[in-house]
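I opened the notebook to look up how one sheet is built, how the copies are related and where space is enclosed. My entries follow.

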There are 2 protein chains.
Amino acid sequence: MRILVPFDIDRPKTRLASVLDAAERRAFAVAMCRDVLSAISETPHRAELLVTAPLEASSADAPGGERAPRLDDFPETVDDRPLTEAVNARLTDADRPIAILMADVPLVTPATVSRLTDCSADVVIAPGLGGGTNALVVRDTEFRVSYHDTSYLTHREQAQTSDTSVETVDSFRLALDVDDPEDLGEVLLHGDGLAAAWLRSNGFELEERDGRTRAVRRSE
Amino acid sequence: MRILVPFDIDRPKTRLASVLDAAERRAFAVAMCRDVLSAISETPHRAELLVTAPLEASSADAPGGERAPRLDDFPETVDDRPLTEAVNARLTDADRPIAILMADVPLVTPATVSRLTDCSADVVIAPGLGGGTNALVVRDTEFRVSYHDTSYLTHREQAQTSDTSVETVDSFRLALDVDDPEDLGEVLLHGDGLAAAWLRSNGFELEERDGRTRAVRRSE
């Protein structure tokens with residue numbers, strides 16, 4: 001199965017601005033994307049990047065990165081339109097099934113990818129925390145994405161309206177998209193890839209506060 | 001399999017105090033606990049409450065509650081010690097396997113319970129958001145719980161130190177323990193039990209803010 005991995009090259013992870021500067025956000029976003037590509041590359045499926053601008057060389061700037069796949073190891077399509085339009089342009093003429101897996105779910109493992117692709121419904125949805133859609137498998141030819149607002153509900157409703165079978169994947173690893181600083185703790189707790197290594201080498205560590213463990217950055 | 005469901009009768013869900021008063025927190029906590037008990041009761045397993053004080057009659061105070069199991073439908077053990085001590089007292093003499101499933105994971109379904117109990121490792125852990133432990137299956141006789149600090153890591157380390165096989169369940173429904181106001185949105189998004197119904201009937205609805213959908217309370 002083709003698995004599209006949309007990646008915003010231009011302004012990745014702006015909601016992490018309170019803890020990471022622009023260059024750091026970019027390096028961390030690349031590390032997360034490489035974790036996702038690495039997981040897919042250990043399955044029979046084929047990852048393809050869908051990027052907002054041509055890739056520069058993706059350096060091995062994460063600890064251990066020299067052993068992991070690089071962004072430029074994968075086929076790349078450039079489309080500078082918003083995410084929804086760019087993905088739907090691919091869906092228009094693609095063979096089915098096709099999957100879309102976000103680049104910011106670094107806890108994904110090969111087993112997680114297989115759980116997603118093994119579901120047989122016409123539309124398979126992995127919800128993200130907060131109502132987003134972190135992964136889709138699309139077998140229906142009419143289905144189109146809409147990543148605006150609470151896209152998990154939008155996608156379910158669309159499938160149900162058209163009498164298309166829909167299935168939800170119950171996975172914490174797929175649900176954890178890293179958007180906000182409080183998400184970084186989960187990467188340190190459960191990740192063993194480049195994103196977790198990048199955070200550790202840039203001074204992040206776990207600290208318990210108010211009964212929930214979060215990532216905090218050591219002052220340098 | 002026996003599944004212990006610890007439930008804090010006395011001071012449930014204090015971190016929801018900014019959006020729910022004490023009586024509401026208690027009613028909502030009861031609704032969540034009944035969702036958990038309801039899910040277990042649709043599996044072959046046997047739920048048992050582990051409560052901090054004797055139950056008062058648990059009223060059918062959630063919409064649709066008259067059709068769901070009530071707290072007093074289940075065997076109850078009262079132990080007013082802190083959670084770790086109370087659970088370990090049960091582990092000391094219990095037959096194995098035994099499971100412990102928290103009362104504040106209202107998205108749990110019968111299928112989720114089965115995924116947990118179907119894992120065959122000596123210690124099976126379902127982590128919660130923020131490094132907690134929302135469910136355990138214990139087959140090892142020496143294993144003891146420690147719910148302090150980042151208990152997911154503590155429990156994994158304990159199992160690994162004693163050369164006991166350990167398995168982690170990758171489930172969003174098990175990971176979502178409701179502690180903070182931002183967790184309520186997930187209940188409205190994915191829940192179809194008493195907890196979600198209680199929130200709706202008490203004025204909570206979904207609203208998108210900053211790209212993540214949250215529960216907000218209509219002013220009355």
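I began with strands β4 (residues 98-101) and β6 (residues 133-138) of chain B, which run antiparallel and are joined by 4 bridges. Strands here are DSSP runs of E with at least two residues, and helices are runs of H or I with at least four, numbered from the N terminus. I looked up A99(B) and found V137(B) in β6(B) as its bridge partner.

I noted that this is a predicted model, where local features need pLDDT of at least 70, side-chain atom pairs count only at pLDDT 80 or more, and totals for chains, interfaces and linings use all residues. Residues are numbered from 1 along each chain as its sequence is written, chains are lettered from A and ligands numbered from 1 in the order written, and side-chain values use heavy atoms, without hydrogens and water.

Next I traced the open sheet of 7 strands in chain B: its order is β3-β2-β1-β4-β6-β5-β7, with mixed pairing (strands pair if DSSP finds at least two bridges between them). Its edge strands are β3 (76-78) and β7 (166-168) of chain B, each pairing on one side only.

Then I compared the copies. Chain B lies on chain A with an RMSD of 0.0 Å after a turn of 180° and a shift of 0.0 Å along the axis (least squares on C-alpha atoms of residues with pLDDT of at least 70 in both). The two copies are thus related as by a two-fold rotation axis.

Last, I sorted the lining of the largest cavity into 3 nonpolar, 4 polar and 10 charged residues. A cavity is a set of points on a 1 Å grid over the protein atoms alone where a 1.4 Å probe fits but cannot get out, and lining residues have an atom within 4 Å of a point. Asp, Glu, Lys and Arg count as charged, Ala, Val, Leu, Ile, Met, Phe, Trp, Tyr, Cys and Pro as nonpolar, and the others, Gly among them, as polar.
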